[in-house]
Amino acid sequence: MKCLQQLSRFILSHFIPLRLKQTSLICVLFVCWFAIDLDANADNILARWDQQLFDRIYDAPPHSEPMWTVMEGITEFGHYRSIMGLSILLMAYGDEDHRKTGRLLTSAYISAGVMTYGLKRLTRRKRPLDETLGNPSLPSGHAAIAFSAATILGYRYPKWRIPLYIGAGLVGFSRIYLGRHYTSDVLTGAVIGTTMGGLVWHNRVTLLQWEF
């Protein structure tokens with residue numbers, strides 16, 4: 001029995017984290033390959049599929065209906081100000097568990113933001129409605145931030161995991177509906193946010209030793 005317990009502890013402490021890191025690395029590498037293949041001037045089946053989905057979801061002008069207003073409100077939940085504001089509130093006014101959650105949210109947000117910024121500079125993809133390259137489209141920063149937060153909060157509060165991911169999905173959908181991103185931008189951002197959130201959570205013991 002003791003041997004089985006020792007073997008179980010060894011697997012949990014060594015094998016599972018290793019598999020997690022390998023899986024996360026594969027996800028990130030796949031996202032990088034996928035993003036590079038969807039550059040601003042791509043003319044392939046993926047780009048055409050992307051444009052067709054965008055045309056179906058995007059609500060072209062005029063924007064007088066209530067749905068547009070609702071989507072503009074939802075999309076703000078993926079803005080960095082919303083997540084940073086939540087993190088600051090948790091760290092400043094919460095108990096010890098809430099302060100830890102705030103710190104993990106900050107770590108996930110920063111990790112997802114760095115990955116998103118790097119891929120934007122790499123792909124330099126124009127936004128769907130832009131004639132010139134401004135802030136690159138791929139990946140969606142709002143989706144990355146929303147999914148990184150949903151992942152951390154989902155681990156912290158498992159009963160709320162499904163609603164949290166639904167909310168993050170709505171943030172991603174709003175980015176397409178409002179004409180800010182293609183579907184692939186949102187999916188790539190979701191993968192980045194979920195992956196970075198998972199890595200932060202599974203390395204929380206080390207991260208929480210840092211004081212900030």
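On the surface of this predicted model, M67, V70 and F173 form a nonpolar patch. Together the three residues have about 240 Å² of accessible area. F173 belongs to helix α7, which spans residues 161–177. Its relative accessibility is 33%, so F173 counts as partly exposed; the cut-offs for that class are 20% and 50%.

F173 also takes part in a ring contact within its own helix. What else is found around it can be approached through the aromatic pairs, of which the structure holds six. One of them is formed by W68 and Y177, with 6.1 Å from centre to centre and 45° between the planes, a tilted arrangement. This pair links distant parts of the chain: W68 is in helix α3 (residues 66–75) and Y177 is in helix α7, 109 residues apart. Both W68 and Y177 are buried. The ring of Y177 is also paired with that of F173: the centres are 6.2 Å apart and the planes are at 35°, so this pair is tilted. A tilted pair is one whose planes are neither under 30 degrees nor over 60 degrees apart. F173 and Y177 are separated by about one helical turn, because they are four residues apart in helix α7. The two residues fall into separate accessibility classes: F173 counts as partly exposed at 33% relative accessibility, while Y177 counts as buried because its value is 10%.

Elsewhere, F54, Y58 and Y182 form one aromatic cluster. Two arginines are placed over tyrosine rings. The charged end of R81 sits over the ring of Y80, at 6.0 Å from the ring centre. R161 lies over the face of Y155, and here the distance to the ring centre is 5.0 Å.

The backbone has two points to note in the loop between α5 and α6. What is unusual there is best set against the general pattern: most residues other than glycine have a negative phi, and most peptide bonds are trans. R124 lies in this loop, and its phi is near 50°, a positive value in a residue other than glycine. R124 counts as partly exposed because its relative accessibility is 45%. P139 is found in the loop between α5 (96–123) and α6 (141–156) as well. The peptide bond that joins L138 and P139 is cis, with omega about 0°.

How values were computed:
Residues are numbered from 1 along each chain as its sequence is written. This is a predicted model: local features need pLDDT of at least 70, side-chain atom pairs count only at pLDDT 80 or more; totals for chains, interfaces and linings use all residues. Side-chain values use heavy atoms; hydrogens and water are left out. Patches are made of residues with over 30% relative accessible area and no salt bridge: like charges are joined within 9 Å, nonpolar side chains (Val, Leu, Ile, Met, Phe, Trp, Tyr) within 5 Å. Accessible areas come from the Shrake-Rupley method with a 1.4 Å probe; for residues, only the protein chains shown count as cover. A salt bridge is a side-chain nitrogen of Lys or Arg within 4 Å of a carboxyl oxygen of Asp or Glu. Buried means under 20% relative accessible area, exposed over 50%, partly exposed in between (1.4 Å probe, protein chains only). Rings of Phe, Tyr and Trp (its six-membered ring) pair if their centres lie within 6.5 Å; planes under 30 degrees apart count as stacked, over 60 as edge-to-face and the rest as tilted. A charge sits over a ring if NZ of Lys or CZ of Arg is within 6 Å of the ring centre and within 35 degrees of the ring normal.
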